[in-house]
Every structure is written in C-alpha cells, then in structure tokens.
Amino acid sequence: MGCRLDVTLEGDKVVSVEGQACKRGLAYAQDEITDPRRVVTTTVRVVNGRHPLLPVYTERSFPKHQIFPLLQELRRVTVMAPVRAGQVILANALGTGINVLASRDMPLREEPCVS
Amino acid sequence: MLKTLSYDVVVIGGGPGGLAAAIAARERGAERVCIIERAEELGGILQQCIHNGFGLEVLGTDLPGPAYAQHFINQVYQAGVQALLDTMVLEVTPQRVLYATNARDGILEIKAGAVVFSMGCRERTRGALAIPGTRPAGVYTAGTAQRLVNIEGYMPGRRFVILGSGDIGMIMARRLTLEGAQVERVLEIMPYLSGLKRNYVQCLQDFGIPLQLSHTVREIKGNKRVEAVVAVAVDERWQPIPGSEEVIPCDTLLLSVGLIPENELSRRLGIAMDPVTGGPIVDEGMGTSLPGFFAAGNVVHVYDLVDWVTMAGEVAGRSAAAYALGMAPASVYRLRVVAGDNVRYVVPHLFHPESLAQGPQQLQLRVREPIEEKVQVILEADGVEIWRKTERYVRPGEMVTVKLMPDLYDRLQPASTLTVSVRKPR
C-alpha cells in the first residue's frame with residue numbers, strides 16, 4: 001500500500017516522477033511540490049446534540065499553508081443540533097471554494113434509542 | 001421477570017464489522033437480525049476516528065470515520081435490522097443463548113439462531129508494559145486520548161510524548177498538534193515503523209514531529225502529574241543502551257503499543273483461539289470452532305483498513321445467516337493454513353477448497369520482519385509450490401492479501417496443509 005516517489009525538479013518544475021504504481025502518483029507528486037494539500041478533519045462545537053462536539057471535514061483537500069487559519073476559523077463556529085451528515089458547516093472556507101461538511105448525523109440530545 | 005427475545009442472527013458489537021455482518025445477514029435472507037451494542041449509538045470506534053482515509057476501497061471515496069459509519073448505519077436501519085443500544089452482553093452459552101443487560105430492561109435473555117462476534121479490540125496499557133517510575137496522572141492510551149479530544153471535548157494535556165509508532169499514536173500526534181498542543185517525540189522500540197507509512201508522512205513528517213526508532217520509555221517522572229519521561233535507545237534485543245538516556249519534559253504520555261482483540265466472550269465459550277493473533281481460529285467463512293458462532297473484524301485479527309473489516313463482516317454475516325436458515329454447507333474436510341517463512345500469521349486458519357466454487361477466496365497475512373525490496377509470496381500445498389506472486393515490499397504493519405482463484409481447486413482439494421511463505425527471490 002502506498003508508493004515511494006522519487007521526484008526530479010528543476011527549480012519548482014517537476015521534470016520526472018518515478019515509483020508510482022498508477023497515474024494518480026504523477027498528479028500527486030506535482031501537487032506536493034507546487035500546491036500541497038490535505039483533507040482537514042476536526043471538530044466544532046454543537047449545542048443540544050447527543051455529544052458536545054460535531055466532527056467535520058473539508059469536502060476536498062485544502063491548501064496546506066491555510067490549515068491552521070482554517071482551524072482558527074472553525075473555532076468560531078457553533079452549530080445547533082440536529083445536524084445531518086453532509087450538511088455544510090462552513091461554506092467557501094477562507095475563500096477557497098471548499099466547503100466544510102458535517103461527518104455524521106448529530107441528533108438532538110435524549111432522542112429515544114432505536115430498538 | 002427476565003425479558004426474552006429471539007433472533008435468527010445476533011451480532012455482538014455495532015462497529016464496522018458488526019454493521020456489515022448485520023446487513024449481509026439480512027441480504028442473505030435472515031429475517032430477524034439484531035445488533036447488540038454497549039454504547040448509546042452504533043458505529044463503534046469509528047465515531048472517534050474523525051480523520052479521513054476510510055472507504056477508499058469499499059465506497060470509492062475518502063471519508064472520515066464517522067461518515068463511513070453513517071453510511072452503514074443508514075443501511076442497517078433501512079434493512080430492518082434491530083439494534084439494542086446501551087446494552088452489554090454478559091454471557092453466551094454454546095446453545096446460543098445470550099444474557100445481556102441495560103438500564104431499561106435489566107437482564108435480557110436472547111436466543112439466537114447464529115451469533116457473530118464483532119467486539120473489536122482493546123489497547124495495550126502501561127500495566128501490560130510495566131513501565132517503571134511514579135504513577136502520576138497524565139498517562140493514557142492513545143485511543144483514550146482520542147475519545148477525550150474528539151467526543152468528550154477535553155485536551156488531556158499540553159506537551160506530549162508518544163510511545164509506539166502505531167497508527168493511533170501517529171493520528172493523535174497530528175490531532176493534538178492541530179488543537180494547539182506540542183508533541184515532542186514519538187518513540188518506537190522496534191527498528192521499523194509499526195503503523196502505515198502514509199500516517200508517518202501525513203501525521204509526523206508534515207508537522208516536524210521527530211520519530212526515534214529503537215527507542216523506548218525507561219521511566220516516567222512526576223509527582224501528581226507527569227513531568228517528564230526518560231527516553232532510552234535499545235539494542236537488537238530491546239535492551240536499554242546505558243548512557244543513551246534523555247529526559248524529555250512533558251505533561252502527558254500516550255501509549256500506542258498494540259491492539260488486542262477483545263475475546264472475553266469467545267474464550268469463556270471455549271472457542272479455539274490463535275495465540276498469535278489473540279483472536280479465534282476461523283475458516284474462510286469466518287466460522288469458529290463452535291458451530292453457529294462466527295467472528296468479524298478486529299476481534300479476529302487487527303486490520304489495517306476499515307474497508308477490509310467491512311468485507312470480513314460481510315463474509316461472517318452471510319455465513320451466520322446461512323447457518324441460521326439451516327443452509328450452511330455441510331463440509332467436514334478442510335485444510336490447515338500454515339504460516340511459513342517470514343510469516344507471523346495467516347487468516348483464515350482453516351480452508352474448505354469447495355468454497356472456491358463461490359468465487360475467489362482470500363488469505364491475509366502479516367510478515368515477521370520488514371523487507372524493503374521485491375519479495376515473493378509463495379503458496380505450497382503439502383510442500384509443493386502451487387502459486388506465487390511478487391510484492392514490492394513487505395512490512396509487519398501492512399497486511400498482505402493473497403487472492404485464491406478458483407483454478408487452484410484441483411491442487412488444493414487433495415492437500416491437508418497450505419503453507420504461505422514470504423521469501424526474497426533467489
């Protein structure tokens with residue numbers, strides 16, 4: 001699982017990539033050099049939910065250098081239960097066009113257990 | 001009075017293994033399927049695994065743990081599976097009567113046509129490691145810290161040292177850093193990484209967190225609270241090298257030193273266990289030594305990816321339903337799968353060659369030692385080679401899958417052992 005990639009650069013330009021087992025490796029290597037990105041996952045405060053925190057995630061990978069500013073922004077967010085998985089928690093985060101979504105349903109606290 | 005319930009298939013544990021087993025049991029034709037889950041909601045450990053990387057194989061997308069769980073939870077309810085939440089199974093009899101308890105009903109007696117164990121695993125603790133030193137507050141397993149941070153909303157500390165390069169420890173190194181903590185060091189006693197390489201890159205390298213291989217914690221220091229750990233280098237026999245001690249100031253030590261399949265119920269039933277995996281001996285249908293009892297997921301052996309847990313759960317659920325419906329294949333003959341050169345364990349342990357009539361079957365193994373170059377995975381039936389493939393590298397932390405194609409039936413049917421070995425090419 002996973003590939004060890006050897007990338008040859010001329011300045012910022014990728015000249016060659018070796019070691020990838022599929023085409024995705026090429027794009028990944030290019031991005032890692034010029035525009036590294038990561039999916040960001042964290043939690044935000046939720047009120048009246050089954051739990052005090054709601055897990056959230058960026059719907060696409062996010063610019064690496066903007067991860068900590070994104071987390072700062074999310075610390076200011078409070079969501080009201082109930083929440084549905086996939087609900088947009090923060091739209092167009094930091095102007096990137098990337099939404100932050102709820103990872104799960106978060107029902108109101110003390111909803112009856114289904115049985 | 002004891003409340004009595006009756007189901008065709010009862011699944012113990014509502015994590016990814018149990019969810020998949022329950023859905024598969026319904027699809028296979030079992031009418032009454034019930035998941036018994038000790039937590040107040042389904043999803044198991046996935047609810048605290050808020051990071052992504054789940055579903056790449058089974059769903060074709062990259063999801064956080066709770067989202068992966070939500071997909072299968074929705075399917076479970078749509079399929080008409082019942083769920084007994086906040087309910088703990090205390091005992092199971094060989095006749096498949098379960099005794100469980102919850103606050104609503106007191107004690108429940110549940111009769112099952114077939115039982116699937118999917119209790120997952122627990123973490124190895126400080127006591128099991130016998131780390132010397134004082135006993136201050138601030139020593140947690142990585143999974144406990146994960147629950148505190150991601151579900152309860154507490155920071156367990158501010159300055160961390162992590163013992164063990166298991167995936168949970170690396171994931172928490174990143175999580176804690178994102179929440180403003182300082183992760184000083186990750187120490188790993190083996191000379192190689194315990195978890196996935198991708199976690200090393202995305203959790204440690206990305207944040208400049210140093211990893212020291214062949215190191216361990218010699219002592220914990222602190223009065224009421226952890227104040228420091230004494231890290232030390234070790235030799236090839238894991239003995240501390242005198243003079244290599246380093247005092248690392250910190251307020252919290254996280255332990256990520258191994259997962260142990262949770263088999264209290266299985267052991268009490270006298271089910272045959274594999275001492276290497278810590279889980280039951282199973283066949284290709286995830287059946288155990290006791291008829292009518294099946295096992296799915298980390299309760300059998302610890303998987304690298306949840307996707308594979310889901311696939312194992314599907315196999316167990318189908319088998320359990322077939323058994324409950326009186327349609328289990330009546331086969332006595334099976335061959336023993338043996339761990340050969342450089343293989344620490346193989347699952348399943350027993351194999352019925354006729355299962356190949358349903359399609360390709362799967363073996364999963366872990367190697368003893370890493371080999372960072374091309375190796376051959378070789379299958380031998382009673383000592384005669386019948387198949388081989390190449391792997392680019394092998395690591396103990398990355399399970400190897402062997403697909404048994406139906407055309408191997410003729411070579412397997414007359415054999416009594418199937419040995420799997422990993423060797424460097426000659």
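**Questions on chains A and B**

Me: Let's start in chain B: in what sense does strand β20 (residues 335–339) pair with β22(B)?
Reply: Happy to, and please keep in mind that this is a predicted model. One residue pair at this place is B:Arg336 with its bridge partner in β22(B), B:Leu350. The two strands are joined over two bridges, and the sense of their pairing is antiparallel.

Me: Which strands are at the edges of the open sheet that holds β20 and β22 of chain B?
Reply: Five strands of chain B make up this open sheet, with mixed pairing and the order β22-β20-β27-β24-β25. An edge strand here pairs on one side only. That description fits β22 (350–351) and β25 (384–391) of chain B.

Me: Which proline of chain B follows a cis peptide bond?
Reply: The place to look is the loop between β21 (343–347) and β22 of chain B. Most peptide bonds are trans. Here, omega is about 5° for the cis bond that joins B:Val347 to its partner, B:Pro348.

Me: Where does chain A have a cis peptide bond?
Reply: The proline concerned lies in the loop between β7 (78–80) and β8 (88–90) of chain A. Omega is about 5° in this cis bond, which joins A:Ala81 and A:Pro82.

Me: A:Asn48 has a positive phi; is A:Asn48 buried or partly exposed?
Reply: Most residues other than glycine have a negative phi. A:Asn48 is not a glycine, yet its phi is about 65°, and its place is the loop between β4 and β5 of chain A. Because a residue needs 20 or more other C-beta atoms within 10 Å to be buried, and 12 or fewer make it exposed, the 13 neighbours of A:Asn48 put it in the class partly exposed.

Me: And B:Asn342, is B:Asn342 buried or exposed?
Reply: B:Asn342 also has a positive phi without being a glycine, near 55°. This residue lies in the loop between β20 and β21 of chain B. The cut-off is 20 or more other C-beta atoms within 10 Å; B:Asn342 has 21, so it counts as buried.

Me: Which helix gives the largest share of the largest nonpolar core?
Reply: This core has 110 residues, and those with the most contacts inside it are B:Val9, B:Val10, B:Val116 and B:Ala320. Eleven of the core residues come from the helix that gives the largest share, residues 306–324 of chain B, which is α8.

Me: Which phenylalanine is in contact with B:Val116, leaving aside neighbours within four places in sequence?
Reply: The contacts of B:Val116 include B:Val9, B:Val11 and B:Ile12. Others are with B:Ala316, B:Gly317 and B:Ala320. The list also holds B:Ala295, B:Ala296 and the phenylalanine you asked for, B:Phe294.

Me: How many residues does the other core have?
Reply: This core lies apart from the one just described, and among its residues are B:Leu163, B:Met170, B:Ile220 and B:Val226. Its residue count is 37.

Me: How many residues does domain 2 of chain B give to its contact with domain 3 of chain B?
Reply: Chain B is divided into domain 1 (3–122 + 260–328), domain 2 (125–257) and domain 3 (337–423). The centres of domains 2 and 3, taken over C-alpha atoms, are 35 Å apart. Domain 3 brings four residues to the contact. On the domain 2 side there are three nonpolar, two polar and no charged residues, and the number that domain 2 gives is five.

Me: Which elements of chain A give two or more residues to the side that touches chain B?
Reply: Between the chains, 21 residues of chain A are in contact with 25 residues of chain B. The chain A side divides into ten nonpolar, seven polar and four charged residues. The elements that give two or more residues to it are β4 (41–47) and β5 (53–58) of chain A.

Me: Why does chain A count as more spread out than a compact globule, and what is its radius of gyration?
Reply: Chain A has two helices and nine strands, and its C-alpha trace spans about 60 × 35 × 15 Å along the principal axes. For 115 residues the globule rule gives 13 Å; chain A is more spread out than a compact globule because its radius of gyration is well over that, at 19 Å.

Me: What is the radius of gyration of chain B?
Reply: Chain B has nine helices and 27 strands, and 51% of its 426 residues count as buried. The globule rule gives 22 Å for that length, and chain B comes close to it, so it is as compact as a globular protein of 426 residues: its radius of gyration is 22 Å.

Terms used: Residues numbered from 1 in each chain as written. Chains lettered and ligands numbered in written order. Predicted model: local features only at pLDDT ≥ 70, side-chain atom pairs only at ≥ 80, totals over all residues. Contact = placed C-beta atoms within 7 Å. Helix = DSSP H or I, 4+ residues; strand = E, 2+ residues; numbered from the N terminus. Nonpolar A, V, L, I, M, F, W, Y, C, P; charged D, E, K, R; others polar. Core = buried A, V, L, I, M, F, W, Y, C linked by C-beta atoms within 7 Å. Pairing = 2+ DSSP bridges. Domains from an automatic or database assignment. Rg over C-alpha atoms; globule rule 2.2 N^0.38 Å.
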